[in-house]
Amino acid sequence: MIKLGIIGTNWITKMFVEAALATNEYVLTTVYSRSLDSGEKFLADLRIEDASVVTTLSDLYADIDVVYIASPNALHFEQSKAAIEADVHVIVEKPTTSNPVEFAEIEQLLAQHADVRYFEAARHIHQPNFKIIAQTIGELSEIQGATLVYQKYSSRFDAYLAGKEPNVLTREFSAGALYDLGIYPIYAAIALFGAPQAVQYLPILLANGADARGTANLFYDKYNVTVIFGKNANSYLPSEFYGLKETISTSNIAELEHVTYYDGEGQTENIGETPYDNPMIREAQDFANVINDPVGNHVIYNQWFQLAKQVNQTLFDLRSSAGIEFPADQKE
Ligand SMILES: NC(=O)c1ccc[n+]([C@@H]2O[C@H](COP(=O)([O-])OP(=O)(O)OC[C@H]3O[C@@H](n4cnc5c(N)ncnc54)[C@H](OP(=O)(O)O)[C@@H]3O)[C@@H](O)[C@H]2O)c1
């Protein structure tokens, strides 16, 4: 069994722990929290009795195989670095790091710790419906781009309107709409079409300079991908991939609840699978496969790593095109 430690005690960590346990590949051994009370409450909610709570990273990394990091984005870099230095595998929530300089430092550190594996928890690309979309796009005679949407009113936006500064809506925590939700469609575009030749982001900014919503364009040789995302409104638009006359449509590029194929005549076929209720089980299983057999799975691991790197660079290029700076950029 893979000994799992976690950072962050919010709902997403609970979902990941439930997914990891459902694979029967992991055992939760250690919870890191800034407070013992939060860590103990987290374990009690999950009815787990044989794990411990620690409040320092050195105690967390002393006796685990892999850490799942779900802290505010700006903390991912230092917490990942400390894990790699302790020879602990890393599953880090999206986005991996605040910028490409940090990512390059992670890559250098990984070269010195060759047995450590570093995964970005981009859960949607591990879903069967994502693979069905990829395969169906591969069968199109021509690709003419896509419109990808992920726009959801944030549970924290009410707090913002009430004058607070939730982490996920601040540049101090390397957050905002692009790095929080835009990353899902950007991931999909790069996984399916490769790195774009050029990008442009037109955001709507909050008073604190973080982006609340926006539209981005990824330009390729023969087509472009339009990406719509936001945290201050709900969208019910589907996401679509275009062939010549054919279209592949999905409910929402992060959740991928269904996939519909429209032939040239507009006739539809449901080509998707019903996803598991917990959308993190597939990634937890994929990461366990690599940890358990790194040699047998090195090709797919390297593909995920290169994809994470390209996504990180593209996010940075997009926000640079809009003049959005993060304080983390000044630490370089
Ligand atoms: N894959 C997905 O579907 C998905 C969904 C939601 C979020 N996420 C990702 O998960 C990560 C966490 O997001 P979130 O919305 O849960 O963030 P959050 O609520 O702001 O913080 C997550 C945890 O980090 C700790 N934390 C909070 N503020 C902190 C601070 N100022 N300094 C140090 N630690 C702090 C807290 O744990 P303690 O109090 O126990 O220390 C908290 O439970 C982000 O990277 C986000 O992108 C992914």
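Trainee: How many salt bridges are there between domain 1 and domain 2?

Mentor: Two, going by the count in this predicted model.

Trainee: What makes Arg123 and Glu255 a salt bridge?

Mentor: Check the gap: the closest N and O atoms of Arg123 and Glu255 are 3.3 Å apart. The rule asks for a side-chain nitrogen of Lys or Arg within 4 Å of a carboxyl oxygen of Asp or Glu. So 3.3 Å passes, and Arg123 with Glu255 gets the name.

Trainee: And how many residue pairs are in polar contact across the interface?

Mentor: The rule finds 14 of them, both residues at pLDDT 80 or more. On the domain 1 side, helix H1 (11-22) and helix H5 (100-112) each supply at least two of the residues that touch domain 2. H1 gives the most, with five residues.

Trainee: Which class leads on that side of domain 1?

Mentor: Nonpolar, with eleven residues, next to seven polar and six charged.

Trainee: How do you know that the two domains touch, with their C-alpha centres 25 Å apart?

Mentor: Centres don't decide that; contact means heavy atoms within 4.5 Å. By that test, 24 residues of domain 1 are in contact with 30 residues of domain 2, so the two domains do touch.

Trainee: What area do they bury between them?

Mentor: About 2300 Å², with 55% of it on carbon and sulfur atoms. Of the area that domain 1 buries against domain 2, Lys94, Arg123 and His124 supply 37%, more than any other three residues. You've met Arg123 already, in the salt bridge with Glu255.

Notes. Residues are numbered from 1 along each chain as its sequence is written. This is a predicted model: local features need pLDDT of at least 70, side-chain atom pairs count only at pLDDT 80 or more; totals for chains, interfaces and linings use all residues. Side-chain values use heavy atoms; hydrogens and water are left out. Buried area is the accessible area (1.4 Å probe) that two parts lose on being put together, summed over both. A polar contact is a pair of N or O atoms within 3.5 Å; within protein, one must be able to donate a hydrogen and the other to accept it, and residues adjacent in sequence count only if both atoms are side-chain atoms. Helices (H or I, at least four residues) and strands (E, at least two) are DSSP runs, numbered from the N terminus. Ala, Val, Leu, Ile, Met, Phe, Trp, Tyr, Cys and Pro count as nonpolar, Asp, Glu, Lys and Arg as charged, and the others, Gly among them, as polar.
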